[in-house]
Amino acid sequence: MEPCQRNLDEQQTELADRMDCGMLIKRINDTLEKQANSELQKCDITFFQFKMLAALHFLGSGTATLKELERHFGVAQSTAAGIVTRLERKQLIESFHSASDRRVKCVRITPAGCALCEEHREAIDRSEANMLQCLTEEERQQLREMLLRVYRSLV
């Protein structure tokens with residue numbers, strides 16, 4: 001490694017050592033999202049679109065209202081609607097109005113959407129496993145429990 005590159009790596013490590021927890025969590029998320037987007041690029045979907053598909057896929061019915069998706073992902077109605085529209089164009093989900101209230105828009109994953117989730121779930125899981133490989137199983141569990149506690153305190 002060239003001296004300038006080593007110096008840059010050392011500087012980045014030193015900066016990381018000084019980051020607060022929020023910035024570290026953001027950086028980890030950004031890195032994982034970049035890796036996932038790279039993996040999903042061949043399917044012409046983004047990681048956020050995949051997360052919406054996966055949320056529908058792992059629901060027992062495979063169906064949710066647009067409002068439920070907005071709340072789950074913490075996004076505006078226009079954002080959720082835009083993602084739904086793009087996934088519909090790709091025939092990965094379908095939308096329809098609730099039989100009990102025509103004002104309520106519902107979204108259901110299609111068989112093609114389910115297949116895509118199954119196909120790429122392993123790659124997403126591998127990415128997380130790679131991220132956590134430096135921790136013991138006990139440390140992984142502790143980290144998950146602590147992150148859940150912090151998350152629950154914020155919502």
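Which helix does Q49 lie in? Keep that question in mind as we tour this predicted model, one close-up at a time.

**Figure 1. The whole chain, with seven helices and three strands.** Let's begin with the full picture before zooming in. Starting at the N terminus, the elements follow the order α-α-α-β-α-α-β-β-α-α. The protein chain has 155 residues, and 26% of them count as buried. Its accessible surface is about 11100 Å², with 52% of that belonging to carbon and sulfur atoms. Now think about contacts between residues at least 6 apart in sequence: 50% of these join residues at least 24 apart.

**Figure 2. Q49, a residue of helix α3.** Here is the answer to our opening question: Q49 lies in helix α3. Is Q49 buried or exposed? Q49 has a relative accessible area of 4%, which is under the 20% cut-off, so this residue counts as buried. Setting aside neighbours within four places in sequence, you can find Q49 in contact with D44, I83, R86, L87 and K90. One of these partners, D44, gets its own view next.

**Figure 3. D44, a loop residue with a positive phi.** Look for D44 in the loop that links α2 and α3. Its phi is about 65°, although D44 is not a glycine. What makes that worth a look? Most residues other than glycine have a negative phi. D44 has a relative accessibility of 54%, which is over 50%, so D44 counts as exposed.

**Figure 4. Q91, another residue with a positive phi that is not glycine.** Where is Q91 placed? You will find Q91 in the loop between α5 (77–89) and β2 (93–97). Phi of Q91 is near 60°. Q91 counts as exposed because its relative accessibility, 59%, is over 50%.

**Figure 5. V107, a buried residue in strand β3.** Strand β3 covers residues 105–109, and V107 is part of it. The relative accessible area of V107 is 0%, so V107 counts as buried. Which residues does V107 touch, if those up to four places away in sequence are not counted? The answer is L56, G62, T63, A64, L69, V84, I93, E94, S95 and F96. For a sense of distance, compare V107 with E88: the two are 19 residues apart in sequence, and their C-alpha atoms are 9.3 Å apart in space.

**Figure 6. S127 of helix α6 and its link to Q35.** Helix α6 is home to S127. With 15% relative accessibility, S127 is under the 20% cut-off and therefore counts as buried. A polar contact of 2.8 Å joins its side chain to that of Q35. Not counting residues up to four places away in sequence, S127 touches L32 as well as Q35.

**Figure 7. The largest pocket, lined by 32 residues.** This pocket has a volume of about 1700 Å³. The elements giving two or more residues to its lining are α2 (21–40), α3 (47–58), α4 (66–73), α6 (111–132) and α7 (137–154). Which element gives the largest share of the lining? That is α7, with ten residues. By class, the lining has 22 nonpolar, four polar and six charged residues. To find your way to the centre of the pocket, look for N29, L32, E128, R144 and L147, the lining residues that lie nearest to it.

Technical notes:
Residues are numbered from 1 along each chain as its sequence is written. This is a predicted model: local features need pLDDT of at least 70, side-chain atom pairs count only at pLDDT 80 or more; totals for chains, interfaces and linings use all residues. Side-chain values use heavy atoms; hydrogens and water are left out. Helices (H or I, at least four residues) and strands (E, at least two) are DSSP runs, numbered from the N terminus. Buried means under 20% relative accessible area, exposed over 50%, partly exposed in between (1.4 Å probe, protein chains only). Contact means heavy atoms within 4.5 Å. Accessible areas come from the Shrake-Rupley method with a 1.4 Å probe; for residues, only the protein chains shown count as cover. On a 1 Å grid over the protein atoms alone, a cavity is a set of points where a 1.4 Å probe fits but cannot get out, and a pocket is an open set with protein on both sides within 12 Å along at least five of seven lines; lining residues have an atom within 4 Å of a point. Grid points are joined across faces, edges and corners, and a volume is the space filled by probe spheres set on the points. Ala, Val, Leu, Ile, Met, Phe, Trp, Tyr, Cys and Pro count as nonpolar, Asp, Glu, Lys and Arg as charged, and the others, Gly among them, as polar. A polar contact is a pair of N or O atoms within 3.5 Å; within protein, one must be able to donate a hydrogen and the other to accept it, and residues adjacent in sequence count only if both atoms are side-chain atoms.
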